[in-house]
Amino acid sequence: MAQWTGCKAATQDTEVQSPEHFQNEDSSAGMCGCLLVAMSVLLMLVTLPLSIWMCIKIVKEYERAIIFRLGRIVKGGAKGPGLFFILPCTDSFINVDMRTITFDIPPQEILTKDSVTVSVDGVVYYRVQNATLAVANITNADAATRLLAQTTLRNVLGTKNLSEILSDREEIAHSMQSSLDDATDAWGIKVERVEIKDVKLPLQLQRAMAAEAEATREARAKVIAAEGEMNASRALKEASLVIAESPSALQLRYLQTLNTIAAEKNSTIIFPLPLEMMQGLIKH
């Protein structure tokens, strides 16, 4: 029973802490802690004004400071920007950068749902949303986010077909952003944006896709040419019917043709003769 109780207590100590836990945690460290803090304050007063340079710290606009007093986070959470005060010997602090950080996801060899191996890389934009959680709940938030982005990229793309990966990049990026944001929320990290940079296909697959695309273009060109010839033949048929109904239209067409030939400065001009005249010449 004692062993089970000890295991349960150890499990509770390793649980991820929430922001409310750090805000409401009692900063008292017992009689020994109070004595050490009082001695630190006394030492500061005795060594004034030299100690003031060790007690006053400055945090930049884009940073926050997490203060530890006797190993425990000071009540009130992150400090800054501006000036803040620490006690010598008993206090230490960690600066956390709150600006947006970008990193590249290395190319990942991924087997798609339709059994095609592709190499995909991307870029992630994130920032620290809660400095206290980023320090207390994770050893290295940046390294953890980078590794999680690689595994998330593999997991998301492994459920997609090659055609979906090539055409639905925006949807894939949004899905990755949601998954990463949910996973890193306990670390105080906010994933703002995820982008798929490049999808590299095997060389043989590139050649096969290029040949398929070329064959598709050629087939489409043949269909368009056939449709053009069919439309032209229909137009010629309609024109022949109109000319057949009006013999004068045929004479006008002859004259128009002669005018066109003469405009091009040709040395030879062909005059069309009626078929009846040619038959008379043949009889003679």
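Trainee: Does Phe 84 count as buried or exposed?
Mentor: One thing before we start: this is a predicted model, where local features need pLDDT of at least 70, side-chain atom pairs count only at pLDDT 80 or more, and totals for chains, interfaces and linings use all residues. Residues are numbered from 1 along each chain as its sequence is written, and side-chain values use heavy atoms, with hydrogens and water left out. Now the cut-offs: under 20% relative accessible area is buried, over 50% is exposed, and in between is partly exposed (1.4 Å probe, protein chains only). Phe 84 has a relative accessibility of 8%, so this residue is buried.

Trainee: What share of the 284 residues in the protein chain is buried?
Mentor: The same kind of label can be added up over the protein chain, which has 284 residues. The buried share comes to 24%.

Trainee: How many strands does the protein chain have?
Mentor: Helices (H or I, at least four residues) and strands (E, at least two) are DSSP runs, numbered from the N terminus. Counted that way, the protein chain has 11 helices, and its strands number 8.

Trainee: In what order do the 3 strands of the open sheet lie?
Mentor: Two strands pair if DSSP finds at least two bridges between them. Here the pairing is antiparallel, and the order is 3-2-5.

Trainee: Then which are the edge strands?
Mentor: Look for strands that pair on one side only. That gives you strand 3 (72-73) and strand 5 (91-97).

Trainee: Which residue in strand 3 stands opposite Phe 68?
Mentor: Strand 2 (residues 63-69) and strand 3 run antiparallel, joined by 2 bridges. Opposite Phe 68 you'll find Ile 73.

Trainee: How many salt bridges does a search of the whole structure find?
Mentor: A salt bridge needs a side-chain nitrogen of Lys or Arg within 4 Å of a carboxyl oxygen of Asp or Glu. Searching the whole structure for such pairs gives 7.

Trainee: Which residue forms a salt bridge with Arg 69?
Mentor: The closest N and O atoms of this pair are 2.9 Å apart. Arg 69 is in strand 2 and its partner is in strand 5, so the bridge ties together parts 22 residues apart in sequence. Arg 69 is partly exposed at 30% relative accessibility, while the partner is buried at 10%. That partner is Asp 91.

Trainee: What about Asp 181, which residue does its side chain meet in a salt bridge?
Mentor: Asp 181 is buried, with a relative accessible area of 15%. Its partner is partly exposed at 25%. The two come to 3.0 Å, N to O, and the partner is Lys 190.

Trainee: What kind of aromatic pair do Phe 84 and Phe 93 make?
Mentor: Rings of Phe, Tyr and Trp (its six-membered ring) pair if their centres lie within 6.5 Å; planes under 30 degrees apart count as stacked, over 60 as edge-to-face and the rest as tilted. The whole structure has 2 aromatic pairs. For Phe 84 and Phe 93, the centres are 5.4 Å apart and the planes are at 80°, so the pair is edge-to-face.

Trainee: And which residue forms an aromatic pair with Phe 103?
Mentor: That pair is edge-to-face too, 5.9 Å centre to centre with 65° between the planes. Phe 103 lies in strand 6 (residues 101-111) and its partner in strand 7 (residues 117-128), so parts 23 residues apart in sequence are tied together. Both residues are buried, and the partner is Tyr 126.
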